[in-house]
Amino acid sequence: MVLIKMVLIQHLFGIPSLRQTYREIQVNIAYRWFLGYNLLEKIPHFATVSYAFCQRFPPELSEEIFAHILSVESTDGGPRHGVY
């Protein structure tokens, strides 16, 4: 799940590469919290994330995750403003 969350951070915040995402996560406390890591824990290397998405995860995984998020939001009544 952490690997997927790292890619989600990359896309949501427009970070151009996994290498840059890795650097940002190393210093950004909010990103670390989202991933479930404290300040002293090592996060997965960007090469691990890249390998997982190229070799281990099926190509349609991204579409399935997006479709799931949309279905949850539509049955939940949409995004709730001001609730984090």
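Tyr31 is found in helix H3, and this residue is a handy place to start reading the model, which is a predicted one. With a relative accessible area of 11%, Tyr31 is buried, because the cut-off for that label is under 20%. Its ring has a partner: Phe13 and Tyr31 make a tilted aromatic pair, 5.3 Å from centre to centre, with 50 degrees between the planes. Phe13 sits in the loop between H1 and helix H2 (18–27) while Tyr31 belongs to helix H3, so the pair ties together parts that are 18 residues apart in sequence. The two partners are not alike in exposure: Phe13 has 53% relative accessibility and counts as exposed, whereas Tyr31 is buried. Across the structure there are two aromatic pairs.

Now for the overall layout. The protein has five helices and zero strands, and from the N terminus on the order is simply α-α-α-α-α. Of its 84 residues, 23% count as buried.

Some of those buried positions bring separate helices into the picture. Thr21 is found in helix H2 and counts as buried at 0% relative accessibility. Ala52 belongs to helix H4 (residues 46–56) and is likewise buried, with a relative accessible area of 0%. A few C-alpha distances show how these residues sit relative to others:

| Residues | Separation in sequence | C-alpha to C-alpha distance |
|---|---|---|
| Ala52 and Leu3 | 49 residues | 7.9 Å |
| Tyr31 and Met6 | 25 residues | 8.5 Å |
| Thr21 and Tyr31 | 10 residues | 9.8 Å |

Leu3 and Met6 from that table both turn up again in H1. Which residues of H1 are buried? They are Leu3, Met6, Val7, Ile9 and Gln10. These residues cover an arc of only 150 degrees around the axis, which puts them on the same side of H1. It helps to recall that an α-helix has 3.6 residues a turn, so residues three or four places apart point the same way. On the other side of H1, His11 and Leu12 are exposed. The helix is followed by Gly14, whose phi is positive, near 65 degrees.

H2 can be read in the same manner. Its buried residues are Thr21, Tyr22 and Ile25. Their arc around the axis is only 100 degrees, which puts them on the same side of H2.

On to the pockets. The largest pocket holds about 380 Å³ of space. It is lined by 15 residues, and Ile4, Val7, Leu8, Ile65 and Ile69 are the closest to its centre. Which elements each supply at least two residues of this lining? They are helix H1 (2–12) and helix H5 (61–76). H1 gives the most, with seven residues. As for character, the lining of the largest pocket divides into 11 nonpolar residues, three polar and one charged. Val7 is worth a second look here, as one of the residues closest to the centre of the largest pocket and also one of the buried residues of H1.

The second largest pocket holds about 160 Å³ of space. Its lining is made up of Lys5, Leu8, Ile9, Leu12, Phe13, Ala30, Tyr31, Trp33 and Phe34. Here the elements that give two or more residues are H1 and helix H3 (29–35). The lining splits into eight nonpolar residues, no polar and one charged.

This second pocket also leads back to the starting point. Both members of the tilted pair, Phe13 and Tyr31, are among the residues that line the second largest pocket. Leu8 is in that lining too, and Leu8 is also one of the residues closest to the centre of the largest pocket. Lys5 and Phe34 are two further lining residues of the second largest pocket, and they have a contact of their own: where does Lys5 lie relative to the ring of Phe34? Lys5 lies over the face of Phe34, at 5.0 Å from the ring centre.

Key
Residues numbered from 1 in each chain as written. Predicted model: local features only at pLDDT ≥ 70, side-chain atom pairs only at ≥ 80, totals over all residues. Heavy atoms only, no water. 1 Å grid on protein atoms, 1.4 Å probe; cavity = no way out; pocket = protein on both sides within 12 Å on 5 of 7 lines; lining within 4 Å. Points joined across faces, edges and corners; volume = space filled by probe spheres on them. Helix = DSSP H or I, 4+ residues; strand = E, 2+ residues; numbered from the N terminus. Nonpolar A, V, L, I, M, F, W, Y, C, P; charged D, E, K, R; others polar. Phe/Tyr/Trp six-rings, centres within 6.5 Å; stacked < 30°, edge-to-face > 60°. Buried < 20%, exposed > 50% of the residue type's maximum accessible area, 1.4 Å probe, protein only. Lys NZ or Arg CZ within 6 Å of the ring centre and 35° of its normal. Arc of directions from axis to C-beta.
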